[in-house]
Structures are given as C-alpha cells and as structure tokens.
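Here is a quick walk through one protein model, written for someone who would rather look at residues than at statistics. Keep the viewer open as you read.

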Amino acid sequence: MINAAVRSVLATEGPATFMTVGEGGPHLVATWQSYLDLLDDTTIAFPAGGFFVTEANLKAGSTMQMVVGAKTGTLSGKPQGYRISGTAEVQTGTEIHQRVKAKFPWCRAAVVMRVTGVEKIHG
C-alpha cells in the first residue's frame with residue numbers, strides 16, 4: 001500500500017498533518033515526516049508527546065487521515081501529495097513504543113497507524 005512513490009515523499013522533510021474526529025468535530029494535529037517510522041507497507045508509527053485529544057478520539061472509534069507531501073525530492077522529480085487513511089491507536093509500553101522512544105526519548109507513547117488506503121492528491 002505504501003509504495004516507492006509514497007516512500008519518496010515521506011523521505012523528504014515536511015509536516016505530516018493528520019485528523020481524527022471526536023465530540024468536538026474534526027481535530028487536526030501534525031508531526032514531521034521525518035518522525036514517521038514505516039514498520040511495513042501498511043503500518044506507520046510515530047511519537048506522541050501530547051496528542052491527548054487524538055488519543056481520546058481514537059479510543060472512541062475515530063479513523064485517521066494523514067496528508068503528506070513534497071515539493072522536491074520525489075521519485076518522479078515532481079511535487080506530490082498523498083492522503084493516507086486508516087485506523088490508529090496510541091500505545092505505551094509496547095515493543096513499538098520502545099522502538100519509537102529509542103529515537104525520540106521524549107515521547108510518552110507511540111501512535112500506530114494501520115493504513116487502509118492511499119490516495120494521490122497532487123502531482
């Protein structure tokens with residue numbers, strides 16, 4: 001699902017903006033693309049320093065959508081953007097959390113996203 005073209009975008013630096021939905025409606029937050037750890041072709045993990053509203057929304061059953069993009073440095077050589085959809089959970093004390101914490105000692109938890117769809121939205 002996360003193919004070479006998407007990987008080339010994720011290899012560039014930029015914001016990875018993601019959305020969940022809760023009682024208050026849509027909730028947007030962001031991290032850096034360089035913080036995303038691709039565990040396999042359908043799993044992305046990244047550090048949570050805060051993300052308390054995101055965590056509550058996910059526990060209540062919200063799905064997650066993330067938008068990533070790159071103006072330069074892509075496999076095609078042209079600007080590209082993708083919307084990545086899936087489910088997610090916030091993990092503490094797991095092997096994935098320890099893996100993320102090794103890179104980002106400040107993280108209180110790991111957000112683990114299971115990708116169910118990737119849509120090209122630019123490029």
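## Glu55 in helix 2

Let's start with Glu55, which sits in helix 2, the stretch covering residues 52–59. This is a predicted model, so treat everything below as a reading of that prediction. Is Glu55 buried or exposed? Glu55 has a relative accessible area of 14%, and the cut-off for buried is under 20%, so this glutamate counts as buried.

What does Glu55 touch once you set aside residues up to four places away in sequence? The contacts are Val90 and Arg108.

## The loop after helix 2

Follow the chain onward and you get to Gly61, in the loop between helix 2 and strand 5. Gly61 comes out at 56% relative accessibility, and exposed means over 50%, so this glycine counts as exposed. For a sense of distance, take Gly61 and Gly123: they are 62 residues apart in sequence, and their C-alpha atoms are 32 Å apart in space.

## Strand 5, one face in and one face out

Next up is strand 5, residues 64–70. In a regular strand, side chains alternate between the two faces of the sheet. Strand 5 shows that alternation: Met64, Met66, Val68 and Ala70 point to one face and are buried. Gln65, Val67 and Gly69 point to the other face and are not buried.

Which strands pair with strand 5? One is strand 1 (residues 15–22), which runs antiparallel to strand 5 and is joined to it by three bridges. In that pairing, Phe18 has Met66 as its bridge partner. Another is strand 6 (residues 80–91), also antiparallel, with seven bridges to strand 5. Here Val68 stands opposite Tyr82.

## Gln33, tucked into a loop

Gln33 belongs to the loop between strand 2 (25–32) and strand 3. Being in a loop doesn't leave Gln33 out in the open: its relative accessible area is 1%, so it counts as buried. Leaving out residues up to four places away in sequence, Gln33 touches Val9, Leu10, Thr12, Glu13, Gly14, Pro15, Ala16, Val68 and Gly69. Two of those names, Val68 and Gly69, should look familiar from strand 5, where Val68 is on the buried face and Gly69 on the other.

## Strand 4 and its two partners

Strand 4 (residues 43–48) is mostly covered, with six of its six residues buried. Strand 3 (residues 37–40) leads into strand 4 by a hairpin of two residues. The two strands run antiparallel and are joined by three bridges, and Asp37 has Ala45 of strand 4 as its bridge partner.

Strand 4 also pairs with strand 7 (residues 109–122), again in the antiparallel sense, over six bridges. In this pairing Ile44 stands opposite Met113 of strand 7.

## Val111 in strand 7

Staying with strand 7, have a look at Val111. At 0% relative accessibility, Val111 counts as buried. Which residues does Val111 touch, not counting those up to four places away in sequence? From strand 4's part of the chain come Ile44, Ala45, Phe46 and Ala48. The rest of the list is Phe51, Met64, Ala88, Glu89 and Val90. Val90 is worth a second glance, since Glu55 touches it too.

Gln65 is a useful landmark here: Val111 lies 46 residues from it along the chain, with 13 Å between the two C-alpha atoms.

## Zooming out

How many helices and strands does the protein have? The count is three helices and seven strands, and from the N terminus they run α-β-β-β-β-α-β-β-α-β. Among contacts with a separation of 6 or more, 63% are between residues 24 or more positions apart.

As for overall shape, a compact globule of 123 residues would have a radius of gyration near 14 Å, and the protein has 14 Å, which agrees. Along its principal axes, the C-alpha trace spans about 40 × 35 × 20 Å. Of the 123 residues, 44% count as buried. The accessible surface comes to about 6300 Å², with 56% of it belonging to carbon and sulfur atoms. On the charge side, there are 11 positive and 9 negative side chains, and the centres of the two sets lie 7 Å apart.

Definitions and conventions
Residues numbered from 1 in each chain as written. Predicted model: local features only at pLDDT ≥ 70, side-chain atom pairs only at ≥ 80, totals over all residues. Heavy atoms only, no water. Buried < 20%, exposed > 50% of the residue type's maximum accessible area, 1.4 Å probe, protein only. Helix = DSSP H or I, 4+ residues; strand = E, 2+ residues; numbered from the N terminus. Pairing = 2+ DSSP bridges. Rg over C-alpha atoms; globule rule 2.2 N^0.38 Å. Contact = heavy atoms within 4.5 Å. Areas by Shrake-Rupley, 256 points an atom, 1.4 Å probe, with all protein chains shown as cover. Lys, Arg positive; Asp, Glu negative; His and termini not counted. Charge placed at Lys NZ, Arg CZ, Asp CG, Glu CD.
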